[in-house]
Amino acid sequence: MSKRLSEASLNDLPRAVMRPPYDRSAVTTGIVHLGVGAFHRAHQAVYVEDILAQEPHWGIVAASLRSPDTYDALEPQDGLYTLSIRSGEGEKLRVIGAIQRVIVAPQAIEDLLKVMADPKTRIVSLTVTEKGYCHDPATGTLNESHPDVVHDLRNPHLPRSAPGFIIEALRRRRIAGVPPFTVLTCDNLPSNGRTVKRVLTRFAELSDPAFGRFVANEVACPCTMVDRIVPATSDEDRRRIREELGVTDAWPVVTEPFTQWVIEDSFPQGRPTWETVGAEFVSDVEPYEHMKLRLLNGSHSTLAYLGYLAGYETVADTMADPAFERLIAGLMNEEVTSTLHMPAGADLAAYKRALIERFKNPALRHRTWQIAMDGSQKLPQRLLGTVRDRLRDDAPIQRLALGVAAWMRYVTGIDEQGAPIDVRDPMAARLRETADRAGVSPERLAGELLAVREIFGDDLPHDARFTGPVKAALGQLYAQGAKRTVANWV
Ligand code: CS2
């Protein structure tokens, strides 16, 4: 058994491994982060790491809202973990020290609320995934019957949900005369800052209308576009990294060289000078957000459902099939690009070329199954917004329709060989029942799933320019399987 990564073992690491270039004991907390998953640790935490030598007052206290896994891994490591940056050219390791402490929220509710209410905390950031906002994905409004929302409104001192924690902490600050922190969402939601603001305002209003007005008027929720591909860490990653480090890291994170963060500059309580370490501050994030959600995530979801059905385990495996690469290039160039309106100077062609290479990165094992998760929460902003814009221009949507149809085929829970699919989605049970009701008819299956208004809204199910191609694509997926359908599609 090798030693564990920790403050004490930092000096034993190979020289090539970069370690925190600042005095960790001098760092104070400025940020509370909710949702300490792999993405946060490979993205925002690195932007913080890069600034701490100059601005040591922006350390992170990070919370898991559910599982103690990250705490169990990082606590014995003094919060340290390894970032592995991988591409065809090799691997670079770096130890990150920006996370000062991890809190497991369900076991330490008061502790977390206390740091959030502390005047030194000026930013509360979030990566809680789409479903963590307890909203209705089609409308972007709070789902008032969500069990966690119902619970948190009844028990404001014992929150479970991210909005519940934020609202209670803001309430405590308001009573104590402490100005609100900035709420910095780093999830792939459409207009993520505006969505979180809408959700929080409604949440506050439901407990007290005056507090609702306060949240609406006083709490800054800048929009952000976040981008870095971060597959789940595998045991093989752990083994390889242990060998390279000479010490054990229970939970390293593995990512690609590319990273991007575009942020709306609205931080009344101040912010790190992240622009000095690669972040871009702009007045309007929306064009970047559309670019990323529609080109990257839209392609990702399309690859995930079709690739999984075709028997490919990872995105790179799927992209190695030339028919899939052609489909994705066609999706981006022929169907998504016309819906984007980029500021002068943004180079979309280069972005798309880089995306194809990123998807093909042979050193990342990004499982199609992982990306396929939570489709009900992802489809609206990744594919359906593009569909709406295209229909407005009366433009074809063949490839977008194939992506939607592949999702439908996937959520039936049975693959092309008749084996079960482990469908992870907050709506999985309902989607499965819907599929069972429809039986073997693709026409009926499409009809039943299109009627789920939380996903498709009230317009798309009634537009034959959308439902027609979706039904046709689903019919082909059943008749020919995903591989042949992709090979013969447009
Ligand atoms: C992926 C994203 O899992 C998914 O749904 O599409 O996590 C994607 O890797 C990131 O958004 C890249 O920035």
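**View 1. Cysteines of the predicted model, beginning with Cys 186.** Cys 186 is buried in this predicted model, at 3% relative accessibility, and the cysteine sulfur closest to its own, that of Cys 223, is 11 Å away, too far for a bond. Cys 134 is likewise buried, at 2% relative accessibility, and its sulfur has the sulfur of Cys 221 as the closest cysteine sulfur, at 15 Å, which is again too far for a bond. With a disulfide taken as a pair of cysteine sulfur atoms within 2.5 Å, the count comes to zero disulfides.

**View 2. A salt bridge between Glu 168 and Arg 171 in helix H6.** The closest N and O atoms of Glu 168 and Arg 171 are 2.8 Å apart, and the two residues form a salt bridge. Both belong to helix H6 (residues 162-176), where, being three residues apart, they are separated by about one helical turn. The partners are covered to unlike degrees, since Glu 168 counts as buried at 1% relative accessibility, whereas Arg 171 counts as partly exposed at 26%.

**View 3. A salt bridge between helices H12 and H16.** The side chains of Glu 335 and Arg 399 meet in a salt bridge, with an N to O distance of 3.2 Å. Because Glu 335 lies in helix H12 (residues 322-336) and Arg 399 in helix H16 (residues 398-411), this pair ties together parts that are 64 residues apart in sequence. Glu 335 and Arg 399 are both buried.

**View 4. A salt bridge between Arg 388 and Asp 459.** In this pair, too, the side chains meet in a salt bridge, here at 2.6 Å from N to O. The contact links distant parts of the chain, 71 residues apart, with Arg 388 in helix H15 (residues 375-392) and Asp 459 in the loop between helix H19 (453-456) and helix H20 (464-488). Arg 388 is partly exposed, with a relative accessible area of 24%, and Asp 459 also counts as partly exposed, at 38% relative accessibility.

**View 5. A network of salt bridges.** Arg 86, Glu 91, Asp 237 and Arg 240 are joined into one network by salt bridges that share partners. For the model as a whole, the count comes to 42 salt bridges.

**View 6. A patch of negative charge around Glu 75.** On the surface, Asp 69, Asp 72, Glu 75 and Asp 78 gather in a patch of negative charge. Among them, Glu 75 sits in the loop between helix H3 (69-74) and strand S3 (81-87), and this residue is partly exposed, with a relative accessible area of 44%.

**View 7. Positive phi angles at Thr 129 and Ser 191.** Thr 129, a residue other than glycine, has a positive phi, near 65 degrees; its place is in the loop between strand S6 (123-126) and strand S7 (135-136), where it is partly exposed, with a relative accessible area of 34%. Ser 191 is not a glycine either, yet its phi is positive, at about 40 degrees. The loop that holds Ser 191 runs between strand S9 (182-185) and helix H7 (192-207), and Ser 191 is buried there, with a relative accessible area of 15%.

**View 8. Leu 303 in helix H10.** Leu 303 lies in helix H10 (residues 286-309) and counts as buried, at 1% relative accessibility. From C-alpha to C-alpha, Leu 303 and Arg 15 are 39 Å apart in space, while in sequence they are 288 residues apart.

Note on methods:
Residues numbered from 1 in each chain as written. Predicted model: local features only at pLDDT ≥ 70, side-chain atom pairs only at ≥ 80, totals over all residues. Heavy atoms only, no water. Patch = residues over 30% accessible without salt bridge, like charges linked within 9 Å, V, L, I, M, F, W, Y side chains within 5 Å. Areas by Shrake-Rupley, 256 points an atom, 1.4 Å probe, with all protein chains shown as cover. Salt bridge = Lys/Arg side-chain N within 4 Å of Asp/Glu carboxyl O. Lys, Arg positive; Asp, Glu negative; His and termini not counted. Charge placed at Lys NZ, Arg CZ, Asp CG, Glu CD. Helix = DSSP H or I, 4+ residues; strand = E, 2+ residues; numbered from the N terminus. Buried < 20%, exposed > 50% of the residue type's maximum accessible area, 1.4 Å probe, protein only.
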